[in-house]
Amino acid sequence: MRRTVIAGNWKMNMTPKKTAEFIKALAPMVAGKDKCDIVLCVPAIDIPAAVEAAKGTNIKIGAENVHFKASGAYTGEISAEMLVEAGVEYVVIGHSERRQYFGETDKTVNLRTLAALEAGLKAIVCVGETLEERELGYTETLLKYQTKMALTNVKAEQLKNVIVAYEPVWAIGTGVTATAEQADEGNGFVRAAIAEAFGNDAAESITVQYGGSMNDGNAAELLSKVNVDGGLIGGASLKTDKFTAIVDAANA
Ligand code: PGA
């Protein structure tokens, strides 16, 4: 019933040329594997090359961020309209690296989410606790708070275009993966927050991904959990064989 979404997050990796080569190599490897949606979220400069290379394939292209204003004096930023016109379908919002290094707050995450949804983009909204927050016992409180804040003023009918990615900050890029049980529990807290804010039907139908060192070795176990409806994958999305193995796990 819930759609499984396997999304790569390339972060600040790959050039336009490498992007085209990567997608040309990946396309035949994931062709016909339609039990999940397959998305690559790429740096803004790589978007035209990615969209072009993905034409006629089952790979969809996402961006890694979007600004919340429609246009104006915001040097260096990219609007939702620009992304849509470039052929982008998904956008990552509120990644912990943006929160950590670029001053992203729950408020700006919310504004970006609203702008993305208004433009018809699918928003992959990231939430997650730091190790300190986990050790203090705040994981559930924090995940529910971040989820509700990110989705404030989102209309019920827009929720079909929302994916929430639970990404424990301590598991991102560290090689330390949450156990399947921790992932399932975290995703469950996200789903409970959706239930509290939007009702049980909404909670049952929303896709909640896990992210944080998901790879070809652990994807099958993570994806087997009832609350894990896909993955947001950093490092392993930069290798066609590893990314394909994760797609395969979602298609098993
Ligand atoms: P990782 O990144 O898979 O390299 O840990 C995940 C993410 O940041 O989305």
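# Exercises on a predicted model

K11, at 22% relative accessibility, counts as partly exposed, and the exercises that follow concern a model that is predicted.

**Exercise 1. Describe where K11 and N153 lie, what their backbone angles are, and how each is classed by accessibility.**

Solution. Begin with K11, which is found in the loop between β1 and α1 and has a positive phi of about 55° although it is not a glycine. Its relative accessibility of 22% falls in the range between under 20% for buried and over 50% for exposed, so K11 is partly exposed. Turn next to N153, which belongs to the loop between α7 and β6 and, although not a glycine, has a positive phi of about 70°. At 61% relative accessibility N153 counts as exposed, because the cut-off for that class is over 50%.

**Exercise 2. Determine how the rings of W10 and F22, and those of Y166 and Y210, are arranged.**

Solution. The structure holds 3 aromatic pairs, and one of them is formed by W10 and F22, with 5.0 Å from centre to centre and 85° between the planes, an edge-to-face arrangement. This pair links distant parts of the chain, since W10 lies in the loop between β1 (4-9) and α1 (16-30) while F22 lies in helix α1, 12 residues apart. Both W10 and F22 are buried. For Y166 and Y210 the ring centres are 6.2 Å apart and the planes stand at 65°, so this pair is edge-to-face. Y166 in strand β6 (residues 162-166) and Y210 in strand β7 (residues 207-211) are 44 residues apart, and their pair links distant parts of the chain. Y166 and Y210 are both buried.

**Exercise 3. Check the span of helix α7 against its number of residues, then place T147 within its surroundings.**

Solution. Helix α7 (residues 139-150) has 12 residues, which at 1.5 Å a residue should span 16 Å, and the end C-alpha atoms are 16 Å apart, so the two values agree. The buried residues of α7 are T139, L142, L143, K144, Q146, T147 and A150, and they pack against α4 (96-101), α5 (106-118), β5 (122-127), α6 (131-135), β6 and α8 (180-198). T147, in helix α7, has a relative accessibility of 2% and therefore counts as buried. Leaving aside neighbours within four places in sequence, T147 is in contact with V127, V190, A193 and I194. T147 and D106 are 41 residues apart in sequence, with 9.0 Å between their C-alpha atoms.

**Exercise 4. Work out whether N227 is buried or exposed, and which residues are in contact with N227.**

Solution. N227 is found in the loop between α10 (219-223) and β8 (230-233). Its relative accessible area is 15%, and since buried means under 20%, N227 is buried. Apart from neighbours within four places in sequence, the residues in contact with N227 are R2, D184, N187, G188, R191 and V208. With R191 there is a polar contact of 2.7 Å between the side chains.

**Exercise 5. Describe the largest nonpolar core and the surroundings of I59.**

Solution. The largest nonpolar core has 64 residues, and those with the most contacts inside it are I6, I23, L40, I59, I61, L151 and Y210. Not counting residues up to four places away in sequence, I59 touches I23, L26, A27, V30, I38, L40 and A54. Apart from the largest core lies another, of 11 residues, among them V5, V92, A165 and L232.

Methods:
Residues numbered from 1 in each chain as written. Predicted model: local features only at pLDDT ≥ 70, side-chain atom pairs only at ≥ 80, totals over all residues. Heavy atoms only, no water. Core = buried A, V, L, I, M, F, W, Y, C linked by side-chain atoms within 4.5 Å. Buried < 20%, exposed > 50% of the residue type's maximum accessible area, 1.4 Å probe, protein only. Contact = heavy atoms within 4.5 Å. Phe/Tyr/Trp six-rings, centres within 6.5 Å; stacked < 30°, edge-to-face > 60°. Helix = DSSP H or I, 4+ residues; strand = E, 2+ residues; numbered from the N terminus. Expected span 1.5 Å × (residues − 1). Polar contact = N/O pair within 3.5 Å; in protein donor to acceptor, adjacent residues only side chain to side chain.
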